[in-house]
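Please look through the model below before reading my points. I have kept the wording plain and explained each term where it first comes up.

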Amino acid sequence: MSKIVLLLIILSITCTGMVQAFAASTDNADGTYRPEYVVVMPGDTLWEIAVAHKPQGLDTRVYVQKLIRTNGLSSSAIQAGDTLMLPSR
């Protein structure tokens, strides 16, 4: 009997974690992803933008490359007034 109770508790915890993980994977209540944008200000660098917007624990170099790919840039050169789409998390 105690093994069944323990199994139910473990399943409950596991399923709750899975639901939270799926709930966290969408940005909006309706389940759609809406990209975020950043307008480049004078003096901004791609590195500084990456540091300010990257997920915690992600290497800044990796996020810079994601910014480059997401925005179709050929290098890390950006100009004031450019609008950059932030990579989805």
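The points below go from the basis of the model to its helices, its core and a few single residues.

1. Basis. This is a predicted model, in which local features need pLDDT of at least 70 and side-chain atom pairs count only at pLDDT 80 or more, while totals for chains, interfaces and linings use all residues. Residues are numbered from 1 along each chain as its sequence is written, and side-chain values use heavy atoms, with hydrogens and water left out.

2. Confidence. The predictor's confidence in each residue is called pLDDT and runs from 0 to 100. Its mean for the protein is 82, and 73% of the residues reach 70 or more. Over residues 18-26 the pLDDT is below 50, and this stretch has one contact in the model beyond near neighbours in sequence; contact means heavy atoms within 4.5 Å. Where pLDDT is low, the predicted coordinates should not be read in detail.

3. Layout. The protein has three helices and two strands, in the order α-β-α-α-β from the N terminus. Helices (H or I, at least four residues) and strands (E, at least two) are DSSP runs, numbered from the N terminus. Among contacts in the protein with a separation of 6 or more, 51% join residues 24 or more positions apart.

4. Surface. About 6,700 Å² of the protein is exposed, and carbon and sulfur atoms supply 61% of that area. The areas come from the Shrake-Rupley method with a 1.4 Å probe, and for residues only the protein chains shown count as cover. Of the 89 residues, 16% count as buried. Buried means under 20% relative accessible area, exposed means over 50%, and partly exposed lies in between (1.4 Å probe, protein chains only).

5. Core. Which residues make up the largest nonpolar core? There are twelve: Val38, Val40, Leu46, Ile49, Ala50, Tyr63, Val64, Leu67, Ile68, Ile78, Leu84 and Leu86. Helices α2 (46-53) and α3 (60-70) each supply at least two of them, and the largest share, four residues, comes from α3. A nonpolar core is a set of buried Ala, Val, Leu, Ile, Met, Phe, Trp, Tyr and Cys residues joined through side-chain atoms within 4.5 Å. One core member, Leu67, is in contact with Leu46, Ile49, Ala50, Leu73, Met85, Leu86 and Pro87, leaving aside neighbours within four places in sequence.

6. Helix α2. The buried residues here are Leu46, Ile49 and Ala50. Seen down the axis of α2, they fall within an arc of 100°, so they line one face of the helix. The arc is that of the directions from the helix axis to the C-beta atoms. The cover over these buried residues includes β1 (37-39), α3 and β2.

7. Helix α3. Thr60, Tyr63, Val64, Leu67 and Ile68 are the buried residues of α3. Down the helix axis their arc is 145°, so these residues too line one face of α3. Arg61 and Arg69 are exposed on the other side. What covers the buried face includes α2 and β2 (83-85). Just after the helix, Gly72 takes a positive phi of about 65°.

8. Thr60. This residue lies in α3 and is buried, with a relative accessible area of 12%. Not counting residues up to four places away in sequence, Thr60 touches Trp47, Ala50, Val51 and Lys54.

9. Salt bridge. How many salt bridges does a search of the whole structure find? The search finds one. It joins the side chains of Asp59 and Arg61, at 2.6 Å from N to O. The term means a side-chain nitrogen of Lys or Arg within 4 Å of a carboxyl oxygen of Asp or Glu. Asp59 counts as partly exposed at 30% relative accessibility, and Arg61 counts as exposed at 55%.

10. Thr83. Strand β2 contains Thr83, which is partly exposed at 48% relative accessibility. Not counting residues up to four places away in sequence, Thr83 touches Tyr37, Val38, Val39 and Asn71.

11. Arg89. This residue is in the segment after β2 and is exposed, at 70% relative accessibility. The C-alpha atoms of Arg89 and Lys54 are separated by 8.4 Å, with the two residues 35 apart along the chain. Arg89 touches His53, Lys54 and Pro55, not counting residues up to four places away in sequence.
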